[in-house]
Amino acid sequence: MGKVTHWASKVEDQIESLKRSELAPFGIVVCDANMDARDTAKNLVLPMADFMSPGAVLVLTLKLPRRKPNMKPTSVASRRFNEVKEVLGAKFKEFRLEWLFGNSKNERTVLCLKA
């Protein structure tokens, strides 16, 4: 495996450092932030997109809102997935939504590639 870089800080605090860094471009970015998926996409993933190489993989955990008793989990996940795709669509492609073994009932994983 190539170089792996982990920051024990918020990505927002690293953007300026990345502009001067030789670490980029990245081939994969993994984000498991515990916040609304739309905010994660807009505030964390989009700023990182500029530091990803074309074809780089994004692994993004969607934190789903609590659903109403009459709503199916798949409909909540699909709606949130489409909202995230809309936010990221200009910089990413080939989106997939997966329910991985490690995901809770209120999580799904988005996989996509940097355009």
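Visitor: Where in the chain is L111 placed?
Guide: In this predicted model, L111 sits in strand β4.

Visitor: Why is L111 called partly exposed?
Guide: The relative accessibility of L111 is 22%. Buried would need a value under 20%, and exposed a value over 50%. L111, at 22%, falls in between, so L111 counts as partly exposed.

Visitor: Which residues does L111 contact, leaving aside its neighbours within four places in sequence?
Guide: L111 is in contact with L58, V59, E94, F95, R96 and E98. As for M35, the C-alpha atoms of L111 and M35 are separated by 18 Å, and the two residues are 76 apart along the chain.

Visitor: E94 is in that list. What makes E94 count as exposed?
Guide: E94 has 55% relative accessibility. The cut-off for exposed is over 50%, and E94 at 55% passes that cut-off, so the word exposed applies. E94 lies in strand β3.

Visitor: What is noted about the phi of E94?
Guide: The phi of E94 is positive, about 50°, although E94 is not a glycine. Most residues other than glycine have a negative phi, which is why such a value is pointed out.

Visitor: Why is K93 called partly exposed?
Guide: K93 is also placed in strand β3. Its relative accessible area is 37%. That value is neither under 20% nor over 50%, so K93 is partly exposed. Not counting residues up to four places away in sequence, K93 touches C112, L113, K114 and A115. K93 and G55 are 38 residues apart in sequence, and 8.9 Å separates them in space, C-alpha to C-alpha.

Visitor: How do you know that R80 is buried?
Guide: R80 has a relative accessibility of 6%. Buried means under 20%, so R80 at 6% is buried. R80 is found in helix α3, residues 73-88.

Visitor: What makes the pair R80 and E83 a polar contact?
Guide: The contact runs from side chain to side chain, at 2.7 Å. A polar contact needs N or O atoms within 3.5 Å, one able to donate a hydrogen and the other to accept it. At 2.7 Å the R80 and E83 pair is within that limit, so the distance fits the term.

Visitor: Which residues does R80 touch, not counting those up to four places away in sequence?
Guide: R80 touches D36, A37, R38, L62, K63, L64 and P65. L62 for its part touches A37, R80, F81, V84, L97, N106, E107, R108 and V110, with the sequence neighbours up to four places away again not counted.

Visitor: Which residues of the largest nonpolar core touch the most other members?
Guide: The core has 28 residues, and those with the most contacts to other members are M48, L58, L60, L62, V84, L88 and F92. At least two core residues come from each of α1 (15-19), β1 (26-31), α2 (37-49), β2 (52-63), α3 and β4 (107-114). The largest share, six residues, comes from α2.

Visitor: Why do β1 and β2 count as paired?
Guide: Pairing takes at least two bridges between the strands. Five bridges join β1 to β2, so the two strands pair. They run parallel. C31 has L60 in β2 as its bridge partner. Together with α2, strands β1 and β2 make a right-handed β-α-β unit.

Visitor: Is Q14 buried or exposed?
Guide: The relative accessible area of Q14 is 16%, which is under 20%, so Q14 is buried. Q14 is placed in the segment before α1. Leaving aside neighbours within four places in sequence, Q14 is in contact with W7 and S9.

Visitor: Why is E16 called partly exposed?
Guide: E16 lies in helix α1 and has 45% relative accessibility. This is not under 20% and not over 50%, so E16 is partly exposed. Its side chain makes a polar contact with the side chain of K19, at 3.0 Å.

Visitor: What kind of peptide bond joins A24 and P25?
Guide: The bond is cis, with omega about 5°. P25 lies in the loop between α1 and β1. Most peptide bonds are trans.

Visitor: Which elements of the chain have the lowest and the highest mean pLDDT?
Guide: Helix α1 has the lowest, 83, and strand β3 (residues 92-98) the highest, 98. The mean for the chain is 89, and 94% of its residues reach 70 or more.

Definitions and conventions
Residues numbered from 1 in each chain as written. Predicted model: local features only at pLDDT ≥ 70, side-chain atom pairs only at ≥ 80, totals over all residues. Heavy atoms only, no water. Helix = DSSP H or I, 4+ residues; strand = E, 2+ residues; numbered from the N terminus. Buried < 20%, exposed > 50% of the residue type's maximum accessible area, 1.4 Å probe, protein only. Contact = heavy atoms within 4.5 Å. Core = buried A, V, L, I, M, F, W, Y, C linked by side-chain atoms within 4.5 Å. Right-handed = clockwise from strand over helix to strand, strands pointing away. pLDDT = per-residue confidence, 0-100.
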